[in-house]
Structures are given as C-alpha cells and as structure tokens.
Amino acid sequence: KAAFDENFEMEVDPLVEEKIAFLKRVGRSNTVDFPCYADRYPTEMLEYLRLMMMSPEDTMGKPVRDFDYTRTISAANEAAVLYSVVDSVKGQLDRYPTTEEDDAVVIRDKGMFRMLSYNQRMAVRHRRNEKRLLKRTIAALEKQIRTRGLDAEDLKRAEGSTLGTVLPGDEKKGAKQRTALEDRLNKMGLPVDLR
C-alpha cells in the first residue's frame, strides 16, 4: 500500500513493473482509450484489462507473458475486468452536470426548449443520447456478469494455469479451454489451434 496522507491509501499492484514491461514489449502504451458501444466493446479492451487485472493469485509466480489474454484467464479475473468497465462507465455518467431524466424534462417542456438556440437544443439531445448509450452499456455488462456467473462470491483464480477457463454461457459462443498441447506448442512459437 502507498499512503499519500493519513486519509488515503492506495493498493500497489505487485505485478505493475512486469505488466508495464510486457506492454512495452508488445508495443502498447500503459494508457489506452477504447470506444464505447451500446451492446458490445472492443476485444482489445478485454485483452488489455485481463492483463491489468492479473493478480499474484492468477500468475502464481509465472510471468504475465505466459498467459493468453484472448481467452478468459479465470472467473475472478474476468469479473474484475467487467466490473472495472461498469465502474468506469458509471464514473463517466456521474461527470455529467445533469441526469438523463433532467434532459428529458427540458426536452418535454416545449416552451423552454424552443427558447434554446438550435445548437443548444442539439447539445441537450446529444448529451441525453450519450447518457442512454452509457446506461445501455452498463445494463449489457451487468447482464453478462449475471449470465456468466461472475456475480458470485469467492470466484476461482487461475492459480498459475495458462490454459484459460470457459465460463457458463461461453460454450454457446464456441469457446473452449486451451489444451496442454496447445499451450506447449504456443510456448514453442508454434501457435496451433486444435479445434
């Protein structure tokens, strides 16, 4: 923990140096922006966050470079990833000076709405649509958390396994756990998909 004053403490990630070195090695910055969509998010964002949410309980001493971030690392890691996105989107919503409901009231009050300039009316509508998009994103993520069983207590960590895991609901999407053979071939520089 790093203490900045007596009222604020922040957890220090014990894997931070290794994660930064990994990002440099693969040509990525340690700060990345991703777009937000109503019902989905970029795969690259999940991969990035899976790395960022790795814990010593996931790695069990293995280097972070040994893990395949295109696959679910562990239930606990995936839950941390999705909850971090939910928290970030909620943080974005909280930054607006008004709520979506406040904007709807302004739009419904035709007399007041007409008093605004064209640009102001468009700005209110645009701001309301942004908030709707963010709320839909939260709803979609929370549904995914529930359907994949990530809202449970004491979720399992990878415990050093680089094979990844398949969560409930992922089988329907064709996901499968990597086999030990696939893992060994990949480590030898021979990526082979045995599906």
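The exercises below work through a predicted model of one protein chain.

**Exercise 1. Overall make-up**

Task: State how many helices and strands the chain has and in which order the elements run.

Solution. Step 1: the count gives eight helices and two strands. Step 2: read from the N terminus on, the order is β-β-α-α-α-α-α-α-α-α. Step 3: of the 195 residues in the chain, 31% are buried. Step 4: among contacts with a separation of 6 or more, 62% are between residues 24 or more positions apart.

**Exercise 2. The faces of helix 1**

Task: Determine which residues of helix 1 are buried and how they are placed around the helix axis.

Solution. Step 1: helix 1 covers residues 16-25, and its buried residues are Lys19, Phe22 and Leu23. Step 2: viewed down the axis, these residues fall within an arc of 100°, so they line one face of the helix. Step 3: the face turned away from the buried side carries Glu17, Lys24 and Arg25, which are exposed. Step 4: the partner of the buried residues is helix 2 (43-52), against which they pack. Step 5: just after helix 1 comes Gly27, with a positive phi of about 75°.

**Exercise 3. An aromatic pair and the loop before helix 2**

Task: Classify the pair formed by Phe34 and Tyr48, and say which parts of the chain the pair ties together.

Solution. Step 1: the structure holds two aromatic pairs. One of them joins Phe34 and Tyr48, with 6.0 Å centre to centre and 55° between the planes. Step 2: planes under 30 degrees apart would count as stacked and over 60 as edge-to-face; the pair of Phe34 and Tyr48 is therefore tilted. Step 3: Phe34 belongs to the loop between helix 1 and helix 2, and Tyr48 to helix 2, so the pair ties together parts that are 14 residues apart in sequence. Step 4: Tyr48 has a relative accessible area of 12% and so is buried, whereas Phe34, at 25%, counts as partly exposed. The cut-off for buried is under 20%. Step 5: the loop between helix 1 and helix 2 also holds Thr31. Thr31 is exposed, with a relative accessible area of 61%. Its C-alpha lies 9.8 Å from that of Tyr48, at a sequence separation of 17 residues.

**Exercise 4. The packing of helix 5 and helix 7**

Task: Describe the crossing of helix 5 and helix 7, and list the residues that meet there.

Solution. Step 1: two packed helices are described by the angle between their axes and the distance between the axes. Step 2: for helix 5 (residues 100-108) and helix 7 (residues 118-147), the axes come within 9 Å and cross at roughly 145°. Step 3: the crossing of helix 5 and helix 7 is left-handed. Step 4: helix 5 contributes Glu100, Glu101, Asp103, Ala104, Val106 and Ile107, while helix 7 contributes Val124, Arg125, Arg127, Arg128, Lys131, Arg132 and Lys135. Step 5: by class, the residues of this contact divide into four nonpolar, no polar and nine charged.

**Exercise 5. Asp103**

Task: Decide whether Asp103 is buried or exposed, and list its contacts beyond its neighbours within four places in sequence.

Solution. Step 1: Asp103 lies in helix 5. Step 2: its relative accessible area is 0%, so Asp103 is buried. Step 3: with neighbours within four places in sequence left aside, Asp103 is in contact with Thr98, Val124, Arg127, Arg128 and Lys131. Step 4: Val124, Arg127, Arg128 and Lys131 also appear among the helix 7 residues that meet helix 5.

Notes
Residues numbered from 1 in each chain as written. Predicted model: local features only at pLDDT ≥ 70, side-chain atom pairs only at ≥ 80, totals over all residues. Heavy atoms only, no water. Axes fitted to C-alpha atoms, helices over the stretch in contact; angles between N-to-C directions. Helix = DSSP H or I, 4+ residues; strand = E, 2+ residues; numbered from the N terminus. Left-handed = near helix turned anticlockwise from the far one by under 90°. Contact = heavy atoms within 4.5 Å. Nonpolar A, V, L, I, M, F, W, Y, C, P; charged D, E, K, R; others polar. Buried < 20%, exposed > 50% of the residue type's maximum accessible area, 1.4 Å probe, protein only. Arc of directions from axis to C-beta. Phe/Tyr/Trp six-rings, centres within 6.5 Å; stacked < 30°, edge-to-face > 60°.
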